[in-house]
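Reader: I am new to this structure. Please walk me through it, and tell me how each label is earned.

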Amino acid sequence: MSALLRSWAWWVTKGVGRSLLAFGYTAAYVVIVVASLMQARTSVAALLLAIVLLAAGVAALIWFPRFAPGAGDWRRWRKARGTRRAAVQGYRHAVGMRLIPALSDDDYEWAMRRPVKRLPSARFRVMPDWVVLTVAQTQAATTDELVKRAESYAPVAAAPADWVTVQRQTDAVVRIVWRRAAPVDQLAESLPFQMVPASADPIAPVLVGRTDTGVEYRLNVFDRQTLVLGASGAGKGSWLWSTVLALTPHIKAGTVEVWGADLKGLVELSAALPMFARKARTFEEAAEMIAALRVEVDHRLEHMVSVGSRKHVPTREEPGRLMIFDEFSSLIFSAPSSKEKAAVEADLKSILSRGRAARINVLAFAQDPRADSLLARPLFTNVVGLRFRTADDTKLAIGPAAYDAGAKCELIPQSTPGVGYAMDEESGTVQRVRAF
Ligand SMILES: Nc1ncnc2c1ncn2[C@@H]1O[C@H](COP(=O)(O)OP(=O)(O)OP(=O)(O)O)[C@@H](O)[C@H]1O
Ligand SMILES: [Mg+2]
C-alpha cells in the first residue's frame, strides 16, 4: 500500500471514529431527554443531566474545534498532500535541472515511503502567477548557468521562458522562479514631470525620472561625465530637459551654470535659450567654448592644489559648470580640418578626464553609438542607452557586459520614448529608467 493511500486511510479512519463518537454523544443525549419526558419521576434528574451534557458538548466544540469530525481532518490531509507533492515534484525537477544527483532505485523507493522527510530538500510549487523551485543545490552551477538552464527547462515546468529569475537564498539554497505572465511594466506610461525641493548642494545628483521598480532616479551629472545615446526619437530631449529643469533652482541662484552646444542650429535648446549662460551653434563657437572650459579646469585645479583642497565647492563666482552638447557627433563631422578636430579632442579629453574635481562636467547626446563618431568616447563613464534599432548598436553604446546583464535597448518599444538603461561604469550598476 502506498504511503499516500495509507495516510489517507488514516485520516478517514480517524474522521469516521470521531463521527461515531459525536454521533453516540448526540444519540445518548436524545435518549436521555426523550426518556425523561416519558418517565415523569426521573425527569428532574434527567433534565439536569441533559443540561450538563449540553453545556459539555458546546464547551467541547468551542475549545476543541477539532472535536468536530471531518472538516479539519480534510484540510490537514490536503495540506499534507500538497507538501508531499511539492517535495516529490521538487526532487524530480531538481534532478531534471541537474541541481542534485538522482537517487538509486532502492534509495528512491525507501525515500518515497516518507518523501517529505527522506527526499533531498527541494520544493516545487505551482501558483497562479509563478512556478517556483526551491532547492538545496549539491551540484555545481553558477547563477548565470542556472538562468540559461531554467530558460530551456521552462516547457518542463509548464511556464514561459521569458521571465525567469534565479535568486540565491543562501549560498546553497537556490530559488528559481518562472513567471507565468508578463510583469506589469512600471515604465509603460509617460511620467509627469516632478520637481522636488532643490537640495542644498548644487552639485548633488538630479532627479530626472524613475526606475522600473518605481524608485526615483537621479543622474549624477557633476560626479561623472555623462553620455546619452539613442536612435532618433528615442527621447534624448526628455533626458536633457529633465536635467536642466531639475537644475533651475541652482541656475537661478547662480551656483550652477549650463552651457549649451548644438551644431544643428540649437534646435533642441531653442526651447529655453535663456537658461544657457553660453551657447555654441557652429564648430568654431563650440571649439572656443571647449577651450574656455579647459582653461577654467586648469585654473581651478591649480587653485585647488595651492589651497590643498580635493574638490571644488561651487559658488556664485565659480559655479559648477555643465556643458550640454546635443547632437554630439556633429562635433567630429563638422570639424573643418583634422588639425582643428585634434585640438578640440585634446581639450575635450582634458576636461573629461580632469574636470570632475573642478566641477566642470559634460552631458552629451548623440544618435550614433559608434566610437568613431564620438570624440573621447572612453572618458564618458556614465552612459545611458535609449532605444536602438539593433542589438549591435546597443552593445556599442553600453558595452557587451551590460547587454548580457539584460540591457536590451533594441527591445524598447517605440511607444515609450525616454526609456533606457543607465549604466554607471564606476559603480557597475545598470538600471532601467524612464525620464520625465
Ligand atoms: N520621457 C518621455 N516621456 C514621454 N514622451 C517622451 C519622452 N521623451 C521623449 N518623448 C517624446 O518622444 C518624441 C521624440 O523625443 P525626442 O525629440 O526627445 O527624441 P530624440 O532622441 O531627441 O531624437 P533626435 O535624435 O531625432 O533629436 C517627442 O515627441 C517627445 O515628446
Ligand atoms: Mg533630440
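Author: This is a predicted model. Start with the open sheet of 4 strands, in the order β1-β2-β4-β3, with antiparallel pairing.

Reader: What makes β1 and β3 edge strands?

Author: Count partners. β1 (122–126) and β3 (164–168) each have a single partner strand, so one side of each is left without a neighbour in the sheet. Neighbouring strands of this sheet are turned by 10° against each other on average, direction ignored.

Reader: How do you know that β2 and β4 pair?

Author: Pairing takes at least two bridges between two strands. Strand β2 (residues 130–136) and strand β4 (residues 173–179) have 7 bridges, in the antiparallel sense. With 7 bridges set against a cut-off of at least two, they therefore count as paired. Alanine 136, for one, stands opposite valine 173 in β4.

Reader: Which helix packs on this sheet?

Author: Helix α6 (residues 143–153) does, touching β3 and β4. The direction of α6 makes about 145° with that of β3.

Reader: What makes β1 and β2 a pair?

Author: The bridges again. 5 bridges join β1 to β2, and the two run antiparallel. The cut-off is at least two, so the pair qualifies. Arginine 125 stands opposite valine 132 in β2. A hairpin of 3 residues links β1 to β2.

Reader: Why is alanine 154 called partly exposed?

Author: Count the C-beta neighbours inside 10 Å: alanine 154 has 17. A residue is buried at 20 or more and exposed at 12 or fewer, and partly exposed in between. The count of 17 falls in between, so alanine 154 is partly exposed.

Reader: Where does alanine 154 lie, and which residues is alanine 154 in contact with?

Author: Alanine 154 sits in the loop between α6 and β3. Leaving aside neighbours within four places in sequence, its contacts are Ala159, Pro160, Ala161, Val164 and Trp178. Take valine 164: it is 10 residues from alanine 154 in sequence and 8.4 Å away in space, C-alpha to C-alpha.

Reader: Now the other sheet. What is the order of its 10 strands?

Author: The order is β6-β5-β14-β13-β12-β7-β11-β10-β8-β9. This sheet is open too, with mixed pairing.

Reader: Why do β6 and β9 stand at the edges?

Author: β6 (216–219) and β9 each have a single partner strand, so one side of each has no neighbour in the sheet. The twist averages 30° from one strand to the next.

Reader: How do you know that β5 and β14 pair?

Author: Strand β5 (residues 206–211) and β14 share 3 bridges, in the antiparallel sense. At least two are needed, so they pair. In β14, arginine 434 is the bridge partner of arginine 210.

Reader: Which helices pack on this sheet?

Author: α7 is one, and its direction makes about 140° with that of β5. The strands α7 touches include β5, β6, β8 and β14. Helix α11 (residues 391–404) packs there as well, touching β7, β12, β13 (419–424) and β14. The direction of α11 makes about 110° with that of β12.

Reader: What surrounds ligand 1?

Author: 14 residues do; the closest are Gly235, Gly237, Ser238, Pro417 and Gly418. α7 (236–253) and β14 (429–435) are the elements that give two or more residues to the shell. α7 gives the most, with 3 residues. By class, the shell has 3 nonpolar, 9 polar and 2 charged residues.

Reader: What makes phi of arginine 98 worth a remark?

Author: Most residues other than glycine have a negative phi. Phi of arginine 98 is near 55°, a positive value. Arginine 98 is in the loop between α3 (71–96) and α4 (105–113). Leucine 266 also has a phi near 55°, and is found in the loop between β8 (256–262) and β9 (276–280).

Reader: Why is the chain called more spread out than a compact globule?

Author: The chain has 11 helices and 14 strands. Its radius of gyration is 36 Å, and the globule rule gives 22 Å for 436 residues. The value is well over the rule, so the chain is more spread out than a compact globule. The C-alpha atoms fill a box of roughly 120 × 60 × 45 Å, taken along the principal axes. Buried residues make up 33% of the 436.

Notes: Residues numbered from 1 in each chain as written. Chains lettered and ligands numbered in written order. Predicted model: local features only at pLDDT ≥ 70, side-chain atom pairs only at ≥ 80, totals over all residues. Axes fitted to C-alpha atoms, helices over the stretch in contact; angles between N-to-C directions. Contact = placed C-beta atoms within 7 Å. Near = placed C-beta within 6 Å. Nonpolar A, V, L, I, M, F, W, Y, C, P; charged D, E, K, R; others polar. Rg over C-alpha atoms; globule rule 2.2 N^0.38 Å.
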